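Subject: Structure for you to look at

Hello,

Here is the structure I said I would pass on. Please open it first, then read the notes underneath.

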Amino acid sequence: MSTIARNLRVVRRMTAAEIAQQSVYRAAWVIFMLANICVPIISLLIWRTALASGAQLPVDERYVTTYFVLLGFVTMATSSWMAGFLAQDIRLGKLSSWMIRPASLLVGFVANNLSEKFLKLIALVPMIGIVWWIFRDSMNIAAGPGRWALFAVSIVFGAMLTFTIDILIASLAFWMDDVSALVQARVIVSGVLSGSVVPLALMPSWSRGFVDHQPFRYTVSFPVEIVAGQLSGRELLAGFGLQLGYVVVLGVLSRVVWAAGIRAYSAVGA
């Protein structure tokens with residue numbers, strides 16, 4: 001059996017086990033997803049009020065509404081919370097026990113990520129559906145299944161990109177005593193540059209070149225723009241090219257740094 005096939009088999013089994021274990025906290029997932037959707041809804045109401053009051057924005061009400069209705073789903077689907085936990089496992093020597101197992105510690109984090117997202121989706125999708133219904137007359141609805149298929153693909157790429165960024169940051173714990181500041185900095189920077197706080201379409205015109213091409217856009221904003229902004233074919237092609245390019249480049253870089261860290265790793269039992 002190849003390494004990829006073995007890892008996929010391990011991920012499938014570990015994901016099933018994680019789902020069974022975490023299903024105990026069903027009420028917690030509902031509360032978490034209520035909190036996840038509240039911020040976009042509040043932002044939506046604020047921006048709609050601004051538009052109704054005569055604010056001149058580079059986007060219309062339909063774009064703003066569609067953006068924030070989809071934002072809660074996309075931020076959850078592409079999120080990763082691994083960096084802090086992985087860095088702690090490295091620092092405390094917990095990585096040692098994984099060195100004798102048939103799969104990498106990273107496989108365990110992949111399974112945890114997938115299982116939690118599966119359970120969160122069960123709670124989140126009905127909430128998104130209710131908000132969608134309330135604002136259905138003020139939203140851009142993508143015509144045909146093709147646009148929604150591209151939306152789904154971009155979410156997968158966005159999730160992969162976020163995960164590789166977390167691996168890269170956490171891997172620095174092989175050489176640094178504490179990377180918590182870097183983890184927090186990543187959360188703050190990505191919140192702004194990904195479009196989670198404010199749609200990137202509302203950024204100043206002088207920042208467009210940087211904002212449109214930096215990697216964090218492709219973790220949240222770009223998937224939402226596919227539906228909310230009705231990007232042209234050329235814009236979609238360029239966007240997917242950059243998104244996939246970032247996934248490959250950062251994936252290779254995180255792999256190299258992780259491998260170098262494993263070679264340098266030293267802890268009790270390692």
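Two residues are in contact when heavy atoms of theirs lie within 4.5 Å. With that cut-off, consider the contacts in the chain with a separation of 6 or more: 79% of them join residues 24 or more positions apart. Please keep in mind that this is a predicted model.

Overall layout

The chain has ten helices and zero strands. Read along the sequence, the pattern is therefore α-α-α-α-α-α-α-α-α-α, where helices are runs assigned by DSSP. Along the principal axes, the C-alpha atoms fill a box of roughly 65 × 45 × 35 Å. The radius of gyration is 20 Å, which agrees with the value near 18 Å for a compact globule, because the chain has 270 residues.

Inside and surface

Of the 270 residues, 46% are buried. The chain exposes about 13900 Å², and carbon and sulfur atoms supply 69% of that area. As for charge, there are 20 positive and 12 negative side chains, and the centres of the two sets lie 10 Å apart.

The core

In soluble globular proteins, nonpolar side chains tend to be buried together. Here the largest nonpolar core has 63 residues, and the members that touch the most others are Tyr67, Leu86, Ile90, Leu95, Ile226 and Trp258. Several helices give two or more residues to this core, among them helix 2 (26-52), helix 5 (105-134) and helix 10 (233-264). Helix 3 gives the largest share, ten residues.

Leu95 is a useful member to look at. Which residues does leucine 95 touch, not counting residues up to four places away in sequence? They are Asp89, Ile90, Leu105, Phe174, Trp258, Ile262 and Tyr265. Ile90 and Trp258 are also on the list of core members that touch the most others.

Tryptophan 148

This residue sits in helix 6, which covers residues 145-171. Is tryptophan 148 buried, partly exposed or exposed? Tryptophan 148 counts as partly exposed because its relative accessibility is 28%, and the partly exposed class runs between 20% and 50%. Not counting residues up to four places away in sequence, tryptophan 148 touches Trp132, Ala142 and Val227. Aspartate 212 is 64 residues from tryptophan 148 along the chain, and their C-alpha atoms are separated by 21 Å.

Regards

Key:
Residues are numbered from 1 along each chain as its sequence is written. This is a predicted model: local features need pLDDT of at least 70, side-chain atom pairs count only at pLDDT 80 or more; totals for chains, interfaces and linings use all residues. Side-chain values use heavy atoms; hydrogens and water are left out. Helices (H or I, at least four residues) and strands (E, at least two) are DSSP runs, numbered from the N terminus. Buried means under 20% relative accessible area, exposed over 50%, partly exposed in between (1.4 Å probe, protein chains only). The radius of gyration is taken over C-alpha atoms; the globule rule is 2.2 Å times the number of residues to the power 0.38. Accessible areas come from the Shrake-Rupley method with a 1.4 Å probe; for residues, only the protein chains shown count as cover. Lys and Arg count as positive and Asp and Glu as negative; His and the chain ends are not counted. The place of a charge is taken as NZ of Lys, CZ of Arg, CG of Asp or CD of Glu. A nonpolar core is a set of buried Ala, Val, Leu, Ile, Met, Phe, Trp, Tyr and Cys residues joined through side-chain atoms within 4.5 Å.
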